[in-house]
Amino acid sequence: MSRMHVVVTGLGTAVRGLGNPGELLGDRRPGGVPADPVERLTGRGLRYKDRATKLAMVAGEEALAAAGLIGADGAPTVPGESVGTVVSTNFGNVDTVCETVATIARDTYLGTSPMLLPATSSNVVASWLAITHGLRGANLTLCNGRTSGLDAVNWARLLVGSGRVERVLVVGVEPDNPAVRHLAPEQDEFFDGAAALVLESAASAAARGVRPLAELGPYARRAEHTRAVADVREREPRAVGLWCVPEHPEGIRAPGASLGPGPVGGVRDLSELLGPSSGALGVLQCVAGTAWLAGAAPDGADDVVLASAGTGDTGRDDAAAALILTPARSA
Amino acid sequence: MNTGMRGTDATPRRVVVTGLGVVTSIGIGIDAFTTGLREGRGGVKPITAFDTTGFDYANGCEVTDFDPAQWIHRVDPDELGRASQFSVAATRMAIEDAGLTVDEVRARRSLVSVGTTDGESRDLDQLVETGLATGPESYDPVVARRVPAGRLSSGIIREFALEDVEAVTIPTACAAGNYAVGYGYDALRSGDVDVALVGGADALCRKTFTGFYRLGTIAPEACQPFDKDRKGILTGEGAGILLLESLDSALARGARIYAEVLGYGLACDALHPVAPDRDSIARTIDIAHRNAGVTPDQIDFVSAHGTGTRANDITEVGAIRQIFGADAMPRTVSIKSMIGHSMGAASAVAAAACAVALTQGFIPPTVNHNETDPECGVDCVPNEARAAELNIVQNNALAFGGNNAVVILGKYRSAA
């Protein structure tokens, strides 16, 4: 749709043991018993919020603050109408939904709280982000399977490119709780966290005096991983300095990169590092990729970051998506 | 913010509706549905989808004559939850209604975009009940596999073996259908895809019924939007899928054109998780008008969100008045009076109703109407459909979380 240059201007994470987005590039799993990131939240109104909402609020606030879009009071520094919100989550508030269903089955409707009904709505995570920070632009949620995070980043780009908003907060989040574990019995590891980034046009970032950290390159969503990657690589042939791979990447290959235990600047399997992150993965990948471009890439290099999610026909997913991030340039 | 921007390309493509598929409590398929709209049928009946013991009243607009095997051929219907069955069935209807073969759709670059509120929450109802009774180890794995909401879209892709396809499932609750239509409009307009299958689907589930019941917003017997004695919503179910393509494509193949998608607007209240905000709804309408390049005086009727709750109807009408002016209020109707609130499907089904209204020249009625609430003060086309020459109509959708989406449709008239 748009040929507008869309850049990343803020990053945030809410993952146990990760102090900042750059630590997504580390090779070791977070160790010890680190603090729960939702403990950073304070104030009223937390009782009826599900874990996904709380995790998203932590990561979202960090990204908005890093982009200079909110002040110390959490209020936007730009017109709220100019900021949209896109959330990707496959499990989302399933804990609240299951608890509500269980309460009804056990105690009839009299056991439910009217306060909880809003929390059972499938768009609750994006809604609370908007309410918390006064983000009054387009507000939407995706639950698109394993490609969902990259799909969300691309949809945010479309919102900016079509002029519907000037900037978008994108959050990918998945909670780990008993409801999720019951619904994914085949998994023995679970991701519990959120990642967030702020996208805006390069012109908007320049006008606000904010340094772009990375730029969005081509995106494709195809039935096969190979085709999705080939599609974006055809349009962006620069060398891949970092490849963030899908969950269960066994058997897939990307041009110019291969699987294996790679150092920074090689291959990143964030699901292996943090647990299968489902709808959050694409956003986590973009946060890691941006951190690499903004700080860890070799000096003078013009390499790009390839993110791919969903293995498509090659694996057990119904689709695969690929997105390239490039070094930022000025508007 | 340039909310009136109509696209960034020099000559963006025009987008038209050429196929409609609906599953509703007043009719399955666009012909039966249209007849139902014209006759002002009501789909309300006692709920059988779940055990309603203990509720003082439990009526809803349930689809009781749906045979998935009639519409779902390639995929085993039992592998799909009820909402996915609805979305797949409505898609087959839309393809057939558009005069396309599945092979012709498969040969094009396509988008599948389905909105929902509850996904397959009816299956979640069953799983959790099983878990409580006998433990999660007794979960039926077939049912558990049906739960991911992404299957509302991926089920369509599997059934029709679509290959060059973008798929999105949009859980923006009760405005999700309009979100899906809007996304399809953007994808076609920009040339990213050649055909878009967009809409929404939801199945009745106990969780949602109970939630609204607990809030005291379930009507005992009838949904009466804008009526002074309205008592709330009736939960419903179903699906609406619109087949969208470019005007050039439709003309080239001599397709019947129901309507043109002129534009849409999205905005978020960012104020309250449940209570709608008049100013924000008005802002959404204004964004949609600007995006579509229309002015309020051109709107022939508004298909309202119109749930029949006191808060929604007064707030929504207030927003419409804010944009149109007290002396120039458009006819404002709610088909939820007939089919109940089908959640994520609601605005997609309403968009289909708008499209046939434009084509056939009538305004669907607001049934169950006795006396208009003076605080609403709208001509809601009470009880009987009204013949009218229509050019441009507006389809409102509002959701929990303040997610508002407004779509503008216009009658297509050839230049000749």
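## Questions about a predicted model

Around the buried residues of α7(A), the cover includes β6 (214-222), β7 (240-244), β9 (304-309) and β10 (320-326) of chain A.

Reader: Welcome me in, please. Which residues of helix α7 (residues 225-235) of chain A are buried?
Author: Gladly, and do keep in mind that this is a predicted model. In that helix, A:H225, A:A228, A:V229, A:D231, A:V232 and A:R233 are buried.

Reader: What makes the pair A:E200 and A:R208 a salt bridge?
Author: The rule asks for a side-chain nitrogen of Lys or Arg within 4 Å of a carboxyl oxygen of Asp or Glu. Here the N to O distance is 2.6 Å, so the pair of A:E200 and A:R208 fits the rule.

Reader: Why is A:E200 called buried, and why is A:R208 called partly exposed?
Author: Buried means under 20% relative accessible area, and partly exposed lies between that and over 50%. A:E200 has 0%, so the word for A:E200 is buried. A:R208 has 23%, and therefore A:R208 is partly exposed.

Reader: How do you know that A:R238 and A:E236 meet in a salt bridge?
Author: Their side chains have N and O atoms 3.1 Å apart, and the cut-off is within 4 Å. At 10% relative accessibility A:E236 counts as buried, while A:R238, with 28%, is partly exposed.

Reader: What distance puts B:E79 and B:R158 in a salt bridge?
Author: Their closest N and O atoms are 2.6 Å apart. This pair links distant parts of the chain, with the two positions 79 residues apart: B:E79 sits in the loop between α2 (68-71) and α3 (82-97) of chain B, and B:R158 in helix α7 (residues 151-160) of chain B. Both count as partly exposed, B:E79 at 34% relative accessibility and B:R158 at 30%.

Reader: Which residues are joined into one network by salt bridges that share partners?
Author: They are A:R16, A:D36, A:R51 and A:D192. Over all chains, the count comes to 40 salt bridges.

Reader: Now the helices. How do the axes of α11 (residues 278-292) and α12 (residues 310-324) of chain B cross?
Author: The two axes come within 8 Å and cross at roughly 50°. An angle under 35 degrees would count as roughly parallel, and 65 to 115 as roughly perpendicular. The crossing falls outside those ranges, so α11(B) is oblique to α12(B). The crossing of α11(B) past α12(B) is right-handed.

Reader: Which residues of α11(B) and α12(B) meet?
Author: From α11(B), the contact includes B:I281, B:A282, B:I285 and B:H289; from α12(B), the partners include B:A319, B:I320, B:I323 and B:F324. By class, this contact has seven nonpolar, four polar and four charged residues.

Reader: What is notable about phi of B:F226?
Author: B:F226 has a positive phi of about 70°, although this residue is not a glycine. Look for B:F226 in the loop between α9 (206-214) and β8 (238-246) of chain B. With a relative accessible area of 0%, B:F226 is under the 20% cut-off and therefore buried.

Reader: Where is B:N368 found, and is B:N368 buried or partly exposed?
Author: B:N368 lies in the loop between β12 (362-363) and β13 (386-387) of chain B. Phi of B:N368 is near 60°, a positive value in a residue other than glycine. Its relative accessibility is 31%, so B:N368 counts as partly exposed.

How values were computed:
Residues numbered from 1 in each chain as written. Chains lettered and ligands numbered in written order. Predicted model: local features only at pLDDT ≥ 70, side-chain atom pairs only at ≥ 80, totals over all residues. Heavy atoms only, no water. Buried < 20%, exposed > 50% of the residue type's maximum accessible area, 1.4 Å probe, protein only. Helix = DSSP H or I, 4+ residues; strand = E, 2+ residues; numbered from the N terminus. Axes fitted to C-alpha atoms, helices over the stretch in contact; angles between N-to-C directions. Parallel < 35°, antiparallel > 145°, perpendicular 65-115°, else oblique. Left-handed = near helix turned anticlockwise from the far one by under 90°. Contact = heavy atoms within 4.5 Å. Nonpolar A, V, L, I, M, F, W, Y, C, P; charged D, E, K, R; others polar.
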